[in-house]
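Colleague: I would like to go through this model with you. Please give me the reasoning behind each label.

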Amino acid sequence: MLIVMHHHATSEQMDQVIAAVKAMGLTAEPIPGSLRTAIGVLGNQGYVDDSTIRTLPGVRETIHVSKPYKIASRDFHPEATIVDISGVKFGDNEKPVIIAGPCSIETEEQMLAAAKEVKAGGGQMLRGGAFKPRTGPHSFQGLGIEGLKYLQQAGKEYDLPVVTEVMRIEQLDDICQHADMLQIGARNMQNFDLLKEVGKIKHPVLLKRGMSATIEEFLAAAEYILAEGNRDVVLCERGIRTFEKATRNTLDLSVVPLIREMSHLPIVVDPSHATGKRMLVPVMTKAALVAGAHGVMMEVHPNPAKALCDGAQSLSGADFGALMIELNSLMEFLGFQG
Ligand code: PEP
Ligand code: MN
């Protein structure tokens, strides 16, 4: 439930409402805003009886929220969330962030070479998977902790914050020690125990959309993290499963403006997993930025033909450099400087 206060409500009246909410065994979260002052009510598992609250001085109205997400919604949180990772900022009015790097961390040399190319092109964050959720058990499963070390080393060497996927709760400690941002992959978007655990820690999270998830399910997954206290969540559209086979997935770009309206959380696009085809990555990256994405995550490999994972959708360093020149002009056109 959302309690909307009168413009002239005093801080004593706010305190009284907060106390009344707490007395009902619920949590009250003040929502400051330039247009209105409201108090979000959290912790209820069903309809909240608002008869007492509605009569308190300073209360204008109560709005019952039936969506499965509240903290993730713009109603509860009108101001945009800016997620800051060592100075790299995702969110409204920030220059879109380019995250790039290989699908999997393969060797120390490969990771250093990839980081060099990402930095040279002007990428701001480095990606690479150490724990890989592969469709079949006979495919390369990732280097595990050894890979995390190579990723961290490459990030340090080229001054790029790093993001990597966590698949299981037990991996969290090691990943937090080596990476600046945790990725939750499409296959784990509804691993609710993992989401809750990630919600209890301070590390920023890149939450990818499940391949068959609706927007409501996507935001409800983010809500699991937010509800535990971690408010640094960046959403990632990575394509959804449709009948179409010509592309790996179907890139649902309309979620970008929709989520920007429905939620205050930043949203980025992964054109690599969305299309599965290197040829489509540059154009869909540009389309994502035009649609209003707060960033893009793409796969870049020093030698895509030899990649152990997702070579067909990976750009070479040269491809990435050429694309970045175009993206810089596009970002300038879109009003982002520097
Ligand atoms: C990835 O980004 O490495 C990945 C496995 O993507 P997704 O979870 O979107 O399939
Ligand atoms: Mn991949």
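Modeller: What follows takes the ligands and then the cavity, and the model is a predicted one.

Colleague: What makes Ala186 a polar contact of ligand 1?

Modeller: The cut-off is 3.5 Å between N or O atoms. A backbone N or O atom of Ala186 is 2.8 Å from an oxygen atom of ligand 1. That pair therefore counts as a polar contact.

Colleague: Which side chains have a polar atom at such a distance from an oxygen atom of ligand 1?

Modeller: Lys208 has a polar side-chain atom 2.8 Å from a ligand 1 oxygen. For Arg238, a side-chain N or O atom lies 2.6 Å from an oxygen of ligand 1. The protein covers 97% of the 290 Å² of accessible area that ligand 1 has on its own.

Colleague: Which residues surround ligand 1, and how do they divide by class?

Modeller: Among them are Arg127, Lys132, Glu165, Gln183, Arg187 and Met297. The shell has six charged, three polar and three nonpolar residues.

Colleague: Why is Cys103 called a donor of the manganese ion?

Modeller: A donor is an N, O or S atom within 2.8 Å of this metal. Cys103 (SG), His273 (NE2), Glu299 (OE) and Asp310 (OD) coordinate the manganese ion (ligand 2) at 2.0 to 2.4 Å. The SG atom of Cys103 therefore qualifies. Along the chain, the donors follow the spacing C-x169-H-x25-E-x10-D.

Colleague: Why do you say that His273 and Glu299 tie parts together?

Modeller: His273 is in helix H9 (residues 271-275), while Glu299 is in strand E14 (residues 295-299). These parts are 26 residues apart in sequence, so the pair ties them together. His273 is also one of the residues that surround ligand 1.

Colleague: How many cavities of 30 Å³ or more does the model have?

Modeller: The count is one. The largest cavity holds about 30 Å³ of space.

Colleague: What makes it a cavity and not a pocket?

Modeller: In a cavity, a 1.4 Å probe fits but cannot get out, whereas a pocket is open. The lining consists of Glu29, Leu42, Ile71, Phe76 and His77. By class, that gives three nonpolar, one polar and one charged residues.

Conventions:
Residues are numbered from 1 along each chain as its sequence is written. Chains are lettered from A and ligands numbered from 1 in the order in which they are written. This is a predicted model: local features need pLDDT of at least 70, side-chain atom pairs count only at pLDDT 80 or more; totals for chains, interfaces and linings use all residues. Side-chain values use heavy atoms; hydrogens and water are left out. A residue is near a molecule or strand if one of its heavy atoms lies within 4 Å of it. A polar contact is a pair of N or O atoms within 3.5 Å; within protein, one must be able to donate a hydrogen and the other to accept it, and residues adjacent in sequence count only if both atoms are side-chain atoms. Accessible areas come from the Shrake-Rupley method with a 1.4 Å probe; for residues, only the protein chains shown count as cover. Ala, Val, Leu, Ile, Met, Phe, Trp, Tyr, Cys and Pro count as nonpolar, Asp, Glu, Lys and Arg as charged, and the others, Gly among them, as polar. On a 1 Å grid over the protein atoms alone, a cavity is a set of points where a 1.4 Å probe fits but cannot get out, and a pocket is an open set with protein on both sides within 12 Å along at least five of seven lines; lining residues have an atom within 4 Å of a point. Grid points are joined across faces, edges and corners, and a volume is the space filled by probe spheres set on the points. Donors are N, O and S atoms within 2.8 Å of the metal (3.2 Å for Na, K and Ca); water is not among the atoms, so sites may look incomplete. Helices (H or I, at least four residues) and strands (E, at least two) are DSSP runs, numbered from the N terminus.
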